[in-house]
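Here's a quick walk through a two-chain model, written for someone who'd rather be at the bench. Have the structure open while you read.

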Amino acid sequence: MRVLIRGAGVAGLALAHELAIRGARITVMDPRRSLAETASWFAGGMLAPYCERESSEQLVQDLGLGAADWWDKALPGLVTEAGTLVVTLPRDHSELDRFAARTTDSVSLGADEISTLEPDLRGRFGRALYFKREAHLEPRVALRRLRRKLAGMGVTFQNATGGRPAPAHDVSADCTGIARAASDPNLRGVRGEMLILRTRDISLSRPVRLLHPRFPLYVVPRADHHFMIGATMIETDWAGPMTARSMMELLNAAYSLHPAFGEAEIVETGAGVRPAYPDNLPRVEGDGTTIRVNGFYRHGFLLAPAMAQRAADMILPPFYPGVLNETHR
Amino acid sequence: MLTVYDTQLASRLFLGTAQYPSPAALVDAVRASATSVVTVSLRREAAGGNAGGQFWSLIRSLGVSVLPNTAGCHSVKEAVTTAKMAREVFGTGWIKLEVIGNHDTLQPDVFGLVEAARILCQEGFSVFPYTTEDLVVAERLLDAGCRVLMPWCAPIGSAKGPRNRDALRSLRGHFPEIPLIVDAGLGRPSHAAAVMELGFDAVLLNTAVAKAGDPAAMAAAFAKAVEAGRQAFHAGLLEPRDMAVPSTPLIGKAVFA
């Protein structure tokens with residue numbers, strides 16, 4: 001089975017991996033010169049199916065529950081299983097109650113428990129929600145490692161701008177994300193802006209979400225004292241640079257989380273356009289020979305594994321080594 | 001029927017379009033509420049001058065009147081510019097005028113509001129000013145040319161319901177002919193019913209519906225509450241008394257004992 005995958009963002013790469021382990025011969029084509037041009041590059045990398053339920057349908061949670069295991073199996077050592085901490089400023093405590101009411105699987109923490117989990121937040125928050133069974137990963141590391149692993153598994157990567165024709169294939173999978181919007185009127189872009197700060201003054205062990213009635217934000221710790229601060233949600237497919245207002249809101253929120261962020265270096269600002277369908281739910285569509293995987297919205301790394309499995313099931317029946325061995329014995 | 005700026009509206013519930021879990025959820029809520037008017041924020045979704053693209057097409061496709069707003073504007077100049085942009089994008093002279101005075105509470109800057117309202121009214125806009133419940137500011141806005149007022153009943157998104165009923169009642173009493181639409185601060189259907197019982201002409205909601213567990217169901221609940229409050233206002237409410245009054249006369253007891 002020869003499969004052509006268009007799009008080398010998280011959707012395309014996850015599908016390539018899922019198909020490669022099932023024995024397909026795969027070519028991944030992408031017109032972009034670098035992974036840094038994909039929306040996935042700007043992702044937070046939170047594998048937080050329970051937290052996401054606050055503003056998403058149950059389906060997102062259900063699809064996302066297996067994500068951490070999938071990534072851990074595909075790229076051992078990538079995933080950090082440290083849960084998610086959700087905090088709020090004292091005057092917004094009702095936001096915390098609201099969040100708790102809309103989600104499951106959290107425990108309520110007091111000041112002491114918060115400082116046990118995150119010593120640097122000692123004394124800053126009197127209450128928090130802790131989603132113990134959530135995880136996070138570094139999206140850029142994940143994309144690079146996955147690409148390298150796939151190349152090692154014999155997957156061919158082809159730059160689509162070279163004018164070279166697509167190789168012969170039995171099935172093609174469109175994982176082009178927002179680029180597909182040009183031919184699918186149902187797909188729209190939702191802009192997300194993020195920034196990366198670097199400071200040695202504070203360290204965190206897990207993503208922290210700061211609830212605010214207007215500017216909910218999260219801070220994800222990354223290697224080498226880096227922190228990813230995200231992310232805005234703006235209904236536009238404009239991919240230009242971050243606006244001053246968004247920057248101010250993100251920095252303001254980071255500063256409220258901990259004043260040490262005020263002294264941090266701004267390493268990078270970025271914006272990506274996420275593809276979404278009107279219900280903000282992902283889709284796998286098509287017949288056996290042409291399929292489309294899209295609409296991951298703000299849940300790329302959370303949903304890519306489950307969607308890759310579904311798409312792969314359409315293309316190839318699942319391969320169960322144990323079952324085959326028994327029948328053939 | 002409610003008439004604002006010579007336009008008749010079947011519904012007395014205005015719905016905001018921000019913060020829904022998805023555009024599909026927004027469409028469902030608009031349908032369930034049977035609203036005649038939706039408000040839309042121009043500024044927030046206009047990053048890069050790329051006019052909201054698909055999202056705005058969706059708003060236009062809802063088949064209801066669009067009331068663009070100047071949410072996020074902190075100065076007269078910004079608000080006036082945004083209003084003009086909205087007129088181009090949506091082809092309407094309606095503008096819900098917000099001039100924010102306090103970034104944190106989103107409390108209107110009533111001085112800038114009056115000034116911006118005067119400019120926009122002179123330029124032919126139909127201005128729906130988002131104001132406080134202050135009577136004198138209301139008078140100034142009417143002097144500036146507004147023919148609708150949109151007082152808050154509590155800060156935006158606070159879900160606290162009517163905080164100052166006396167002032168709201170006083171507004172209604174002073175401006176019997178002006179459409180008064182309560183904008184901001186409503187959290188539950190009972191809040192909407194309460195201000196409608198006071199005789200307000202309509203309410204505008206966003207967060208209470210968009211952030212509900214089931215936005216469409218909450219939109220329908222608000223629609224009923226608005227209707228109930230309006231009907232109750234017309235039916236003539238019984239004013240509270242300080243003593244119990246039996247609805248059936250008690251036979252065999254001394255009445256004035």
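What follows covers a helix, a loop residue and the contact between the chains, all in a predicted model.

**Helix α3 of chain B**

Let's start with α3(B), which runs over residues 76–90. Does its length add up? For that, what span should its 15 residues have at 1.5 Å a residue? The expected figure is 21 Å, and the end C-alpha atoms are 21 Å apart, so the two agree.

Now for which way the helix faces. The buried residues of α3(B) are V76(B), A79(B), V80(B), T82(B), A83(B), A86(B) and F90(B). Because they cover an arc of only 165 degrees around the axis, they sit on the same side of α3(B). The general background is handy here: an α-helix has 3.6 residues a turn, so residues three or four places apart point the same way. Turn to the face of α3(B) away from that buried side, and you'll find the exposed residues K77(B) and E88(B). Just after the helix comes G91(B), with a positive phi of about 60 degrees.

**T17 of chain B**

Next stop is the loop between β3 (13–16) and α1 (23–33) of chain B, where T17(B) is found. Is T17(B) buried or exposed? With a relative accessible area of 6%, T17(B) is buried, since buried means under 20%. Its side chain reaches the backbone oxygen of T39(B) at 2.8 Å. Leaving out residues up to four places away in sequence, T17(B) touches L26(B), V38(B), T39(B), V40(B), F55(B), I59(B) and N206(B).

**Where chain A meets chain B**

Here's the contact between the two chains in numbers.

| Item | Value |
|---|---|
| Residues from chain A in the contact | 28 residues |
| Residues from chain B in the contact | 20 residues |
| Area buried between chain A and chain B | about 1,900 Å² |
| Part of that area given by carbon and sulfur atoms | 45% |

On the chain A side, R214(A), E235(A) and R245(A) lose the most area to chain B, together 26% of what that side buries. What does the rule find for salt bridges across the interface of chain A and chain B? It finds zero. Four residue pairs, both at pLDDT 80 or more, are in polar contact across that interface.

As for the elements involved, α5 (93–102), β10 (188–198) and α8 (244–257) of chain A each supply at least two residues of the side that touches chain B. The largest share of that side, four residues, comes from α8(A).

Terms used: Residues numbered from 1 in each chain as written. Chains lettered and ligands numbered in written order. Predicted model: local features only at pLDDT ≥ 70, side-chain atom pairs only at ≥ 80, totals over all residues. Heavy atoms only, no water. Expected span 1.5 Å × (residues − 1). Buried < 20%, exposed > 50% of the residue type's maximum accessible area, 1.4 Å probe, protein only. Arc of directions from axis to C-beta. Contact = heavy atoms within 4.5 Å. Buried area = accessible area lost by both parts, 1.4 Å probe. Salt bridge = Lys/Arg side-chain N within 4 Å of Asp/Glu carboxyl O. Polar contact = N/O pair within 3.5 Å; in protein donor to acceptor, adjacent residues only side chain to side chain.
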